[in-house]
Amino acid sequence: MNSSDNALLTIEGKTYSLPIVHGTEGERAIDISKLLQETGCTTLDLGYKNTASCTSRITFLNGNKGILSYRGYGIEELAEKCLFIEVAYLLVHGHLPTATEYDHFRNLLNRFSLIHEDMIHFFDHFPPSAPPMAILSVMVNSLCSYYPEMNDDLTTDIDLTAARLISKIRTIAAFSYKKSLGKPLIYPRPELPYCANFLNMMFDNPVEPYTVRPEAVAALNKLLILHADHEQNCSTATVRLVGSAGVNLYASIAAGINALWGPLHGGANEAVIAMLEAIHQDGGNFQKYIDKAKDKSDAFKLSGFGHRVYKTFDPRGKIIKNACDELLAVLNVHDPLLEIALRLEEVALKDAYFIERNLFPNVDFYSGIIYRALGIPTNMFTVMFALGRLPGWIAQWKEQQEDPRSKIGRPRQVYMGEPARPFVPMSER
Ligand code: ACO
């Protein structure tokens, strides 16, 4: 790079000057948008390890320093001082809501919390073993048929659209859980705030009334805030890519839900618990699993460890670990999996394999232990992640739709197949 803010690239003796784009937190990106046109070359970047697919004003992440902020506010402060709904508003609108804006948003959440009664029949047609993530993506995709008015210029009244989606997804998630148990549906209650309402819909029962504990509400609120956005991760990039084709918000979010499901992404929270349970049943032999994770002939990886961007502690993981300790103490829960997780982390962090590769616990390592303490079953963990991530997906989708420079996402490839060859008729093959 030279001092005039350009990068110089030489191909076959010819030098090209590529502009450098500066982010507000000091990030630098080489703008290659004219590369193909000027040089005839594309770039090859498997897994997009080096590629910024957009500019964004929503979330900042520094993976080397472990910094995460939404719209300029540090995640630590937001998790400590905000309600999830305030953070959702912040992500979508770019500013924290005033008291009036907050009341308006809350009223909308209440007004739109029901789903069309016909949609409830959908649940009856899934087999009892259907994964809740499959149900969630189907139901979200279906919303555009039941609420077609939500397809009209969604960006003009984003408050309405965001409230409808955030509220209805919560209802869908809780109903799918109740249906899976064959228990009566518990409808949202207007007097309850977002997180308390969700817990009540999940756990209340006509014959065993549920008492919403403030500690449980506080833990859930924190978890949802910490999951609310994470710049261009796999599911968010999916929402943007699908949205770039001009498809509606619901279909774009349904695509994001499917991407989140993967065990390398949001599905890791379920995979962590499965791994900790396996270790528990194996007599607590966590060293065996560390060795398996290091063995290159074994596909096993330590779930909840490692991250594409963080090369130090995931700041969300630190907050979740503390919240986990607090919640388990106050609920007087003794989860043997927490003990195993703590020992696993301790050993991994001292192991040369993990140190050399900068592998630290990520957001999913301890979140499952909190969900378990709240009574949420393992197969609902990734649904919980989706509830949290929804405001981020909406904000990112909106930002893309409003960006006049936005183009359909269409990566290139480098073809490595057969070179051109003559066709052979079937009789001669
Ligand atoms: N256990 C063992 N080894 C690991 C792990 C792990 N959890 N994570 C990475 N590594 C190793 C890789 O094998 C690789 O080793 P090598 O250099 O000898 O080939 C090296 O560390 C670099 O890892 P990559 O796979 O190249 O990193 P990438 O950025 O592509 O993947 C990912 C990141 C998918 C998160 C990976 O760390 C992983 O699979 N972790 C476990 C699954 C998980 O927890 N996912 C949740 C992530 S957070 C989220 O999405 C919400």
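User: Why is Arg71 called partly exposed?

Analyst: Arg71 has a relative accessible area of 22%. Buried means under 20%, exposed means over 50%, and partly exposed is what lies in between (1.4 Å probe, protein chains only). At 22%, Arg71 falls in that middle class, so partly exposed is the label. Before we go on: this is a predicted model, where local features need pLDDT of at least 70 and side-chain atom pairs count only at pLDDT 80 or more, while totals for chains, interfaces and linings use all residues. Residues are numbered from 1 along each chain as its sequence is written, and side-chain values use heavy atoms, with hydrogens and water left out.

User: Where does Arg71 sit, and what makes its backbone stand out?

Analyst: Arg71 is in the loop between β5 and β6. Strand labels like these are DSSP runs of E, at least two residues long, and helices are runs of H or I of at least four, all numbered from the N terminus. Arg71 isn't a glycine, yet its phi is positive, about 50°. The hairpin it belongs to, β5 with β6, has two residues between the strands.

User: What makes β5 and β6 a pair?

Analyst: Two strands pair if DSSP finds at least two bridges between them. β5 and β6 (residues 73-74) have two bridges and run antiparallel, so they count as paired. One bridge links Ser69 with Gly74 in β6.

User: How many bridges join β4 and β5?

Analyst: Four, with β4 (residues 59-62) and β5 (residues 67-70) in the antiparallel sense. Among the matched residues, Phe60 stands opposite Ser69 in β5, and Asn62 has Ile67 as its bridge partner. Their hairpin has four residues between the strands, and Gly66 in it takes a positive phi near 70°.

User: What order do those strands take in their sheet?

Analyst: The order is β4-β5-β6, in an open sheet of three strands with antiparallel pairing. β4 and β6 are the edge strands, each pairing on one side only. As for what holds such sheets together, strands pair through backbone hydrogen bonds, either parallel or antiparallel.

User: Are the two faces of β4 covered or open?

Analyst: Both are covered: Thr59 and Leu61 on one side are buried, and so are Phe60 and Asn62 on the other.

User: Why are β1 and β3 described as edge strands?

Analyst: They belong to an open sheet of three strands in the order β1-β2-β3, with antiparallel pairing. β1 (6-11) and β3 (28-30) each have a single partner strand, so one side of each is left without a neighbour in the sheet. From one strand to the next, the twist averages 30°, an angle between N-to-C directions of axes fitted to C-alpha atoms, on a scale from 0 to 180 degrees. β2 (residues 14-22) runs antiparallel to β3 and is joined to it by three bridges, including the one between Val21 and Ala29.

User: Which residues come nearest to the ligand?

Analyst: His265, Leu302, Gly304, Arg308 and Tyr353, out of 22 around it. Being near takes a heavy atom within 4 Å. The shell divides into ten nonpolar, six polar and six charged residues. Here Ala, Val, Leu, Ile, Met, Phe, Trp, Tyr, Cys and Pro count as nonpolar, Asp, Glu, Lys and Arg as charged, and the others, Gly among them, as polar.

User: What makes the approach of Arg308 to the ligand a polar contact?

Analyst: The cut-off is a pair of N or O atoms within 3.5 Å. A polar side-chain atom of Arg308 lies 2.7 Å from a ligand oxygen, so the pair qualifies. For His265 the distance to a ligand oxygen is 2.8 Å, and for the side chain of Asn362 it is 2.9 Å. The ligand taken alone exposes 920 Å², and the protein buries 77% of that (Shrake-Rupley areas, 1.4 Å probe).

User: Why does Asn358 count as partly exposed?

Analyst: Its relative accessibility is 32%, so the middle class fits. Asn358 is found in the loop between α16 (352-356) and α17 (364-374). Although not a glycine, Asn358 has a positive phi of about 50°.

User: And why is His95 called partly exposed?

Analyst: His95 has a relative accessible area of 34%, so partly exposed applies. The loop between α3 (84-93) and α4 (99-111) holds His95.

Technical notes
A polar contact is a pair of N or O atoms within 3.5 Å; within protein, one must be able to donate a hydrogen and the other to accept it, and residues adjacent in sequence count only if both atoms are side-chain atoms.
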